[in-house]
Amino acid sequence: MDLQVFMTVVCGALIAVGVAGVVVPVLPGSILIIVSLLAWALTVTSTEGWAVFSIGTVFAAAGLAAGLVLTGRTLKKRSIPGRSVTIGVLAGIVGMFVIPVVGLFVGFALGLFASEYVRQRDAGAALTSSLHALKATGLGILAELALACLAGTTWVIGVWIYFTTR
């Protein structure tokens, strides 16, 4: 099998895992996509490869930044400390092993609420701030996911152009 074809298949699989990693934040999704695009560009060593790497990296990096900015800005505006989100993430990781499929999300929400309840000592206020944090996190994930999909689409178009003009 040709090395370029083999690496195209491997990079495609890694890009798919990267897109999934945006939704399930255990894997560094956008970073994995950028590394995969670079590996493909280094393998094909063509104008198409470097154009795909450049455009796809801009999309993936913009998604990573948008996710961080959207989430961070809302959390700061609502005065929700990063500690609460960190506890939510840790509880989500535990939940992933305790409850199959949905444990990450359930654990994150419960960990976030518990941390906010301990901080505020009021269930209503903790629920409100937890819901705002969950919305902020969701919006950040959606923005990053959309841009990760654009990076993946850029790669698919680049692969198509590269192999049809080869």
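These legends go with a set of close-up views of one predicted protein model. Residues are numbered from 1 along each chain as its sequence is written. Because the model is predicted, local features need pLDDT of at least 70 and side-chain atom pairs count only at pLDDT 80 or more, while totals for chains, interfaces and linings use all residues; side-chain values use heavy atoms, with hydrogens and water left out.

**View 1. The whole chain is built from helices.** Let's start with the overall picture. The chain has six helices and zero strands, where helices (H or I, at least four residues) and strands (E, at least two) are DSSP runs numbered from the N terminus. Its C-alpha atoms fill a box of roughly 65 × 35 × 15 Å along the principal axes. Of the 166 residues, 37% are buried; here buried means under 20% relative accessible area, exposed over 50%, and partly exposed in between (1.4 Å probe, protein chains only).

**View 2. A nonpolar patch lies on the surface.** Eleven names would crowd a picture, so look for a few of them: Val-89, Phe-97, Val-102 and Leu-110 are among the residues of this patch, which has about 1000 Å² of accessible area together. The elements giving two or more residues to the patch are α4 (82-98) and α5 (103-120), and α4 gives the most, with six. Patches are made of residues with over 30% relative accessible area and no salt bridge, with like charges joined within 9 Å and nonpolar side chains (Val, Leu, Ile, Met, Phe, Trp, Tyr) within 5 Å. A salt bridge is a side-chain nitrogen of Lys or Arg within 4 Å of a carboxyl oxygen of Asp or Glu, and accessible areas come from the Shrake-Rupley method with a 1.4 Å probe, where for residues only the protein chains shown count as cover. Leu-110 sits in helix α5 and is exposed, with a relative accessible area of 55%.

**View 3. Ser-130 is a buried residue of helix α6.** You will find Ser-130 in α6, which covers residues 123-164. It counts as buried because its relative accessibility is 4%. Leaving aside neighbours within four places in sequence, Ser-130 is in contact (heavy atoms within 4.5 Å) with Leu-112, Phe-113 and Glu-116.

**View 4. Val-52 in helix α3 has partners from other parts of the sequence.** Val-52 belongs to α3, residues 47-77, and is buried at 6% relative accessibility. Apart from neighbours within four places in sequence, Val-52 is in contact with Leu-37, Trp-40, Thr-57, Thr-154, Trp-155 and Gly-158. Now look for Ile-157: Val-52 and Ile-157 are 105 residues apart in sequence and 8.4 Å apart in space, C-alpha to C-alpha.
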